[in-house]
Every structure is written in structure tokens, then in C-alpha cells.
Amino acid sequence: MSEKEYNKPFIKQRADPYVLRHTDGKYYFTASVPAYDRIILRCSDSLSGLASAGEKTIWTKHEEGPMSCHIWAPELHYMFGKWYIYFAAGERDDMWKIRPFVLECEGDDPMTGTWREMGKLQRSDDDIYSFDAFSLDSTVFENNGEWYIIWAEKVSVGIQISNLYIARLESPIKLATAQVLLTTPNYDWERVDIWVNEGPAVIRHNGKLFVTYSASATGECYCMGMLSIGENEDLLDPGLWKKERQPVLRSDAEKGFFGPGHNSFTVDSCGNDVCVFHARTYRDIVGDPLYDPNRHAMLMKVEWDETGRPVFDYRNMMN
């Protein structure tokens, strides 16, 4: 593979990419679009086919009030026998009032079914904090018969630090437990320009759960960190999670990747684990990196080392 092909995007101008392989073998793709004004879906019989698959807008932002600005990081999940999309949104007159919302599909096919708004994600009855401040990037996963959610939320007082929190779900739209602080940006590489942990994604291997997340501002300094825990341990005990001291994926000027992050995981047709992430192919950005449209979706095969940890290596890029 030539250097020019090395960092070839999988899908251009689609940040925060999320790919789901359903039980019937079909692949679905969603992501943030540069205008931050709608939620799109693609479907294909193969992972590679998503690149050229037709794209359908299944929901558009409101004209005012909640869900009228900054439509960010949608994720598609099939749970409790239905399709759900988790996403974050702000308000036109208060653009940074970002909160998590949920859509539910009334039908078996998310591409043709009718999507209805389920409102803002609800905290548990004994939780007085969750979703009162800037909250986004919700991801859900099942473990030992229970469903869990991890999301990013800024503390509501003092310096606006974005932490990751975890809770168990009662239903697709409500927490069963109060939030538990999972990780805060306490390393230097998580504090470049702004203090951020966000964009969690879950992958499991040989009895362990791994959670990758993104750190720092959205330019060249954006990178991926990782947490891990045994799948039979108490996921709501933050002391049992291990946090990696260094990023597991960061910018590489030689290979032409800048600001890698906000990933998801899927598998190819052979069952090999694949990391889906976004990155830019250039370093210098004019203006606010958040509004630079060229964060492209990329694919990378995940390798596993002798200790059972995932290895993220640009040499394993898939085009």
C-alpha cells in the first residue's frame, strides 16, 4: 500500500462514526454530519459496502427549543426487541445546552420504519445529578444479562471538566442506578486545550471488557485512551477498572493521521474485530476544529497481544 493510500478515508466527512453488525449480518452506519443538523443511516450486506451505500436521513433537527442545534454522535442499537438511536443535541438559542436524547423505531427495519422521539434520557429516581449539565456521547452495552450505559458529562460547578460516567439501565430511556464516575481527565494528554474524556466505546475479549474513549480538544491533540475490567466484576465499582497511563491511539504525522478518536467497534464478515474511528489527514486547521468538516471515518483491524489487550496500529488500516 502506498503512503498516499495509507490514510484513505472509509467514508469522508463523517465524524463520530458508529457501525453495527446486526444479527442478520447486515451492517448499519451512522455518524455526525458537518452541518450537525440531522441523523443519517446507511445499510449494506458488507462492511466495505457501507462506503458506497445510499444514505437516508431518518430524523432532522427541530427549528427551536431542545434538539434544534448541534446534533452529535448518534449511535444505533438493537435492544429489548427494538431499534434505538442515542444522540446529543443543543438548542438554537442556547447552543451549548447539550443533552442526551433517544429515538425509537416503530418497525423491524431501521431504514424504513418510523422513528419517534422518546425525549431526553432519564436519570434514576435516586439520581439528582445526571444530565443536568453538558452531557453527550451515550453508548449502551449488555453484560451478564444487564444493560449498561456510559456517557460523557461536564461537572456543573468550577472548571468545566468532561468526565465519563456509568450506570445500569432500567429501560432504553431510563437509568436504573445513579451515576458512577468512571474516569476523569487526570493525565497531561487528556488536558490539552480543554480537559476531556468523551466518546466511549466497548469491546470484549477473553472475559474482559475494554472501554476506549477520546481525550483533549478536537484538533491534532485528540487521542484515544482505554479502560478495562473483567466481565464478571462489578462494573459499577470504579476501583475495579484499570486505566491506561498512555493513549492507545494518537496522531501520527508520518502516516498522515491527525486527531484520531471517537471510535466504535464492529466485526468483519470473518469475525475479526474492527475499530471504526475518525481522523483528519492534515494537521493545520483554519478556525475552530469542531467546525472543520474533514473528520473522516476510518477502519482499522484490531489485533490482540499476548496479554489479551487490544492493539491499535495504523499498519492495520483497512481500505
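The largest cavity in this predicted model is lined by Gln13, Ala15, Ser32, Val33, Pro34, Tyr36, Leu290, Tyr291, Asp292, Pro293 and Arg295. About 60 Å³ of space lies within this cavity. By class, its lining comprises seven nonpolar, two polar and two charged residues. Where cavities of 30 Å³ or more are counted, the total is one.

Beyond the enclosed space, the model has open pockets, and the largest of these has a volume of about 680 Å³. Among the 23 residues lining the largest pocket, Tyr18, Leu20, Phe141, Val202 and Phe265 are the closest to its centre. Several strands contribute to the wall: β1 (15-21), β5, β9 (135-143), β14 (197-205) and β18 (258-267) are the elements that each give two or more residues to the lining of the largest pocket. The largest share is that of β18, which supplies five residues. In terms of class, the lining of the largest pocket divides into twelve nonpolar, seven polar and four charged residues.

The second largest pocket has a volume of about 430 Å³. Its lining also consists of 23 residues, of which Trp72, Ile194, Glu198, Thr218 and Leu290 are the closest to the centre. Here the elements that give two or more residues are β5 and β9. The lining of the second largest pocket contains twelve nonpolar, five polar and six charged residues. Leu290 also appears in the lining of the largest cavity, and Trp72 leads to the strand pairing described next.

In β6, Ala88 is the bridge partner of Trp72. The strands concerned, β5 and β6 (residues 82-91), are joined by eight bridges and pair in the antiparallel sense. They belong to an open sheet of four strands, arranged in the order β5-β6-β7-β8 with antiparallel pairing. At the edges of this sheet stand β5 (66-79) and β8 (114-120), each of which pairs on one side only. On average, neighbouring strands of the sheet are turned by 25 degrees against each other, direction ignored. The edge strand β5 is thus named among the contributors of two or more residues to the largest pocket and to the second largest pocket.A second open sheet of four strands has the order β14-β15-β16-β17, and its pairing is antiparallel. Its edge strands are β14 and β17, each pairing on one side only. Strand β14, at one edge, is among the elements that give two or more residues to the lining of the largest pocket. At the other edge, β17 is joined to strand β16 (residues 223-230) by two bridges, and these two strands run antiparallel. Within this pairing, Leu227 stands opposite Lys243 in β17.

The path of the chain beyond this sheet can be followed through Asp252. Asp252 is placed in the loop between β17 (242-243) and β18. The side chain of Asp252 reaches the backbone nitrogen of Lys255 at 3.2 Å. When residues up to four places away in sequence are not counted, Asp252 touches Phe257 and Tyr314. The loop that holds Asp252 therefore lies between an edge strand of the second sheet and β18, and β18 is the element with the largest share of the lining of the largest pocket.

Methods
Residues numbered from 1 in each chain as written. Predicted model: local features only at pLDDT ≥ 70, side-chain atom pairs only at ≥ 80, totals over all residues. Heavy atoms only, no water. Pairing = 2+ DSSP bridges. Axes fitted to C-alpha atoms, helices over the stretch in contact; angles between N-to-C directions. 1 Å grid on protein atoms, 1.4 Å probe; cavity = no way out; pocket = protein on both sides within 12 Å on 5 of 7 lines; lining within 4 Å. Points joined across faces, edges and corners; volume = space filled by probe spheres on them. Nonpolar A, V, L, I, M, F, W, Y, C, P; charged D, E, K, R; others polar. Polar contact = N/O pair within 3.5 Å; in protein donor to acceptor, adjacent residues only side chain to side chain. Contact = heavy atoms within 4.5 Å.
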